[in-house]
Amino acid sequence: MVYGYIRVSTDTQTVENQRFEIMRFCEAQSISVNGWIEETISGVKNYNKRQLGGLLKKVQKDDIIICSELSRLGRNLFMIMEILNICMNKECRVWTIKDNYRLGDDIQSKVLAFAFGLSAEIERNLISQRTKESLARLKAEGRKLGRERGKRNIRPNAKCEAKHDYIVRQYLRGVSIPDIARKIKVARGTLYRYMAYTDIREPKNTKNGRWERGIY
């Protein structure tokens, strides 16, 4: 069996580029992909908590896992080495396209796995260090980073925005804020902040002594 493994970290990334690379590679090698595993999850998550873990459990001798690069398997050296070790013990092969890596049971494969994983981890650490240095420089220059302490993000909640008319109707009928929050499945504090943001007021006593609710 030949499996194509695709992983992206966020919903804003697309799996199509990796799929295209794998399909083009397989066409050049005259092989067919029997199954695809696609997931949107951070590579720092343990492989057992990803679909990759399920794939590693079911692969058998001479099966092939094809991915665009080793970093798709994991985001640190030890995780990659552990995954490759599982595949070596099960005599399953791992092929990567960008790295041009071929996992076998020989010492060269093990050395290459170590080298590729180490270089990827070093690069991530360098990027992290450069980011920290840039933030430190901006702070030294007096630039404010992030929102001020004690201030909440005032951006309205998307789920509350979608249910705005429903919230207003329920509130005018006298339904309590906690009950409304429970019905639209948001936290009570979230709804309170949304109502303050959109100026949906608390009950107000009118001239005739009755309590009214409304939007002002």
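Q: Helices (H or I, at least four residues) and strands (E, at least two) are DSSP runs, numbered from the N terminus; how many of each does the protein chain have?
A: The protein chain has eight helices and six strands. Read from the N terminus, their order is β-α-β-α-β-α-β-α-α-α-α-α-β-β. The model is predicted, with local features requiring pLDDT of at least 70 and side-chain atom pairs pLDDT 80 or more, while totals for chains, interfaces and linings use all residues. Residues are numbered from 1 along each chain as its sequence is written, and side-chain values use heavy atoms, leaving out hydrogens and water.

Q: What makes E1 and E2 paired strands?
A: Two strands pair if DSSP finds at least two bridges between them. Strand E1 (residues 2–8) is joined to E2 by six bridges, so the two count as paired, and they run parallel. Within this pair, Tyr-5 stands opposite Ile-37 in E2.

Q: Which strands are the edge strands of the open sheet, and what makes them so?
A: The open sheet has four strands in the order E2-E1-E3-E4, with parallel pairing. Strand E2 (35–40) and strand E4 (93–96) are its edges, as each pairs on one side only. Neighbouring strands in this sheet are turned by 20° against each other on average, direction ignored.

Q: Which helices lie across this sheet's strands?
A: Helix H1 (residues 16–29) lies across E1, E2, strand E3 (64–67) and E4, and runs at about 155° to E1. Helix H2 (residues 51–58) lies across E1, E2 and E3, at about 150° to E2. Such angles run from 0 to 180 degrees between N-to-C directions, with axes fitted to C-alpha atoms, for helices over the stretch in contact.

Q: Why is Thr-96 called buried?
A: Buried means under 20% relative accessible area, exposed over 50%, and partly exposed in between (1.4 Å probe, protein chains only). Thr-96 has 0% relative accessibility, and therefore counts as buried. Thr-96 has its place in strand E4. Contact means heavy atoms within 4.5 Å; apart from neighbours within four places in sequence, Thr-96 has such contacts with Cys-67, Ser-68, Glu-69, Leu-70, Tyr-101 and Arg-102. In the protein chain, 34% of the 216 residues are buried.

Q: What makes a group of residues a nonpolar core, and which elements give two or more residues to the largest one?
A: A nonpolar core is a set of buried Ala, Val, Leu, Ile, Met, Phe, Trp, Tyr and Cys residues joined through side-chain atoms within 4.5 Å. The largest has 22 residues, and Leu-52, Ile-65, Leu-73 and Leu-84 have the most contacts inside it. E1, H2, E3 and helix H3 (77–89) each give two or more residues to this core. H3 supplies the largest share, six residues. Apart from this core lies another, of 12 residues, including Ile-167, Tyr-171, Val-186 and Tyr-194.

Q: How do you know which way H7 and H8 cross?
A: The axes of helix H7 (residues 177–184) and helix H8 (residues 188–197) come within 9 Å and cross at roughly 110°. Angles under 35 degrees count as roughly parallel, over 145 as roughly antiparallel, 65 to 115 as roughly perpendicular and the rest as oblique. H7 and H8 are therefore roughly perpendicular to each other. Residues that meet across this crossing include Ile-180 and Ile-184 in H7, and Leu-191 and Met-195 in H8.

Q: Which residues of H6 are buried, and what covers them?
A: Ile-167, Val-168, Gln-170 and Tyr-171 are the buried residues of helix H6 (residues 164–172). Their cover includes helix H5 (158–162), H7 and H8. After H6 comes Gly-174, with a positive phi near 95°.
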